[in-house]
Structures are given as structure tokens and as C-alpha cells.
Amino acid sequence: MINPLDLYAKIESLIGFDAQYEKLYQIYLQLLHTLHVKTILDVGCGNGTFLKHLQNEQFNACGIDRSAAMVERSLALGVNASTKELEEFDEASFECVVAIADVLNYISPTEIEAFLEAVARVLPKEGYFICDVNTLYGFEGVADGVMCQDKANQFLCVDATFSNKELLTKIVLFEKEGDLYRKVEGSITQYFHPLSFFKKLKIFKLCSTKPVTLFGDEPDKTILILQKR
Ligand SMILES: C[S@@+](CC[C@H](N)C(=O)[O-])C[C@H]1O[C@@H](n2cnc3c(N)ncnc32)[C@H](O)[C@@H]1O
């Protein structure tokens with residue numbers, strides 16, 4: 001079975017969220033300008049589109065992603081990206097860390113505190129961590145359901161079910177190879193993290209939140225602006 005991050009990398013271009021993610025990037029860029037930060041680490045940088053925006057707007061940015069395929073796409077855009085882990089950076093080496101478009105939802109409730117500690121380590125006191133999490137509506141009203149995409153050499157079927165605060169997305173992808181199709185199958189689990197969790201953090205203060213509507217009729221994501229205590 002293919003690992004979830006490699007699977008997401010395979011289907012990313014087929015699911016086609018580019019316009020919605022672009023809207024999200026513009027909100028992040030505005031926030032970063034308002035906070036007057038210059039050195040930025042993009043955790044879960046994906047295909048590097050946001051890093052490219054940062055580069056174009058003269059930020060000093062680099063990105064990391066656990067998917068080597070995603071990092072390759074980032075590098076092809078001419079941005080600074082790698083599969084490094086947070087632990088490999090020096091302490092307090094960035095003024096701001098961002099984790100954009102579901103990255104936190106990929107992290108389970110049992111792993112999230114260690115992840116936040118690793119983020120805090122690379123920030124100075126009062127450094128910012130800006131990230132977004134799906135709202136309950138984002139999971140129940142938007143993500144839950146079935147989607148199929150039929151493109152030239154690929155056929156994708158996605159079946160997502162939200163229950164007990166987890167979204168289980170089952171994915172079947174057929175990729176044409178000569179006259180035959182190769183079937184790739186797997187699943188991705190995403191986790192709902194309530195705002196109450198972020199309000200109680202010891203290492204970060206939740207400075208503000210910003211509801212964002214990308215897909216539905218009401219906010220499906222919340223951007224969180226956290227500051228290291
Ligand atoms: C939905 S994508 C978003 C990618 C990118 N931020 C964007 O805006 O398109 C989530 C990304 O997070 C990466 N990811 C998930 N958990 C991660 C972790 N703990 N560390 C680094 N990358 C992670 C995945 O490989 C994937 O590329």
C-alpha cells in the first residue's frame with residue numbers, strides 16, 4: 001500500500017484546488033506583510049507555489065515536506081525546499097513558520113503536541129506560527145463525499161467519510177501504462193483539531209483567528225496566528 005503523503009502527491013494535480021489555494025495564499029501573504037516578518041519556513045510546502053510567492057515578494061523563505069515528490073516539484077519552481085525535518089534546523093532560525101492548507105489536519109491528536117514543540121524550537125520568543133485547520137463544516141459539509149475525475153491517462157475516485165473527528169479518504173487511481181491501467185490504492189486520514197485545543201497551548205499564545213471560506217457557503221478553514229510565549 002502506498003504511503004498517504006506519496007498518494008496525495010500523485011493525485012494533487014487531479015483534484016484541482018488551485019484557485020481555492022491561491023485565495024488562501026493571498027490571505028497568508030497579507031498576514032505576513034502585516035506582521036513584518038522576513039525569514040519564513042513553510043512546513044509541508046507541497047508543490048512550492050506558496051514558496052514561489054514568498055520568493056517573488058522578497059521574503060527569505062525555505063520549505064520542507066515529507067514527500068520527496070512534492071519537494072521535487074518545489075525545486076522545479078526554483079525555490080528552496082527539502083525533505084529535512086524540523087529538528088534539523090538550528091534553534092530560533094526563523095521569524096515565522098507557516099503550515100498551509102491542511103498540513104495540521106494530517107497530524108494526529110497524539111502527534112500534534114510534539115509537532116508544535118518542534119515548530120516552537122525553530123522560532124525565537126514571540127516568533128509567529130501561522131497555520132490553518134479545517135472547521136467541522138470543512139470536514140462534514142465540504143470534504144465528506146465522493147468525487148471522481150477522468151483525465152487523459154488517469155482516472156481517480158475519492159470516497160471520504162467523516163466520523164469521530166476523523167476524515168478517512170479512500171482513494172483509487174488508475175494510471176494508463178501503454179494499453180493497460182495500473183491501479184494505485186490507499187487512504188489518507190485527516191484529523192479535526194478544535195480551536196479550544198489551540199487556546200490552551202503552553203508554548204504558543206493564540207493571538208487571533210481568521211475564518212476562511214474556500215469551498216462552501218460558510219467558513220471551511222480557520223487560519224490561526226500563534227505566537228511563541
Ligand atoms: C494538502 S498538502 C498542502 C501543501 C502546500 N502547503 C500547499 O499549500 O499546497 C499537505 C502537505 O503537507 C505535507 N505534510 C504532511 N505532514 C507533514 C509533516 N509532518 N511534515 C512535513 N510535511 C508534511 C504533505 O506531504 C503535503 O505535501
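# Two domains and a ligand

Visitor: How far apart are the C-alpha centres of domain 1 and domain 2?
Guide: They lie 24 Å apart. Keep in mind that this is a predicted model.

Visitor: OK, and which residues go into which domain?
Guide: The domain assignment puts 4-135 plus 193-228 in domain 1, while domain 2 covers 139-190.

Visitor: How many residues does each one bring to the contact?
Guide: Domain 1 gives 16 residues, and domain 2 also gives 16 residues.

Visitor: How much area gets buried there, between domain 1 and domain 2?
Guide: About 1500 Å² between them, with 69% of it on carbon and sulfur atoms.

Visitor: Which three residues of domain 1 supply more of its buried area than any other three?
Guide: That would be L7, K10 and L14. Together they supply 42% of the area domain 1 buries against domain 2.

Visitor: Let's talk about charges. How many salt bridges run between the two domains?
Guide: The count is one salt bridge between domain 1 and domain 2. K10 pairs up with E175, and their closest N and O atoms are 3.1 Å apart.

Visitor: Why does that pair count as a salt bridge?
Guide: Because the rule asks for a Lys or Arg side-chain nitrogen within 4 Å of a carboxyl oxygen of Asp or Glu, and the closest N and O atoms of K10 and E175 are 3.1 Å apart. In general, side chains of opposite charge can pair when their charged atoms come close.

Visitor: And how many salt bridges does the whole count come to?
Guide: Seven salt bridges. The K10 and E175 pair links distant parts of the chain: K10 is in helix α1, E175 is in strand β8 (residues 166-177), and they're 165 residues apart.

Visitor: What about polar contacts between the domains, how many residue pairs are there?
Guide: Three residue pairs are in polar contact between domain 1 and domain 2. As for the side of domain 1 that touches domain 2, its largest share, eight residues, comes from helix α1 (residues 4-15).

Visitor: How do the residues on that side of domain 1 divide up?
Guide: Eight are nonpolar, five are polar and three are charged.

Visitor: Switching topic: how many residues surround the ligand?
Guide: 15 residues surround it, and the closest are Y25, G44, D65, I100 and A101.

Visitor: What does the backbone of G44 do there?
Guide: A polar backbone atom of G44 is 2.7 Å from a nitrogen atom of the ligand.

Visitor: And where do the backbones of I100 and R66 come in?
Guide: For I100, a backbone N or O atom lies 2.8 Å from a ligand nitrogen. For R66, a polar backbone atom is 3.4 Å from a nitrogen atom of the ligand.

Methods. Residues are numbered from 1 along each chain as its sequence is written. This is a predicted model: local features need pLDDT of at least 70, side-chain atom pairs count only at pLDDT 80 or more; totals for chains, interfaces and linings use all residues. Side-chain values use heavy atoms; hydrogens and water are left out. Domain bounds come from an automatic or database domain assignment. Contact means heavy atoms within 4.5 Å. Buried area is the accessible area (1.4 Å probe) that two parts lose on being put together, summed over both. A polar contact is a pair of N or O atoms within 3.5 Å; within protein, one must be able to donate a hydrogen and the other to accept it, and residues adjacent in sequence count only if both atoms are side-chain atoms. Helices (H or I, at least four residues) and strands (E, at least two) are DSSP runs, numbered from the N terminus. Ala, Val, Leu, Ile, Met, Phe, Trp, Tyr, Cys and Pro count as nonpolar, Asp, Glu, Lys and Arg as charged, and the others, Gly among them, as polar. A residue is near a molecule or strand if one of its heavy atoms lies within 4 Å of it.
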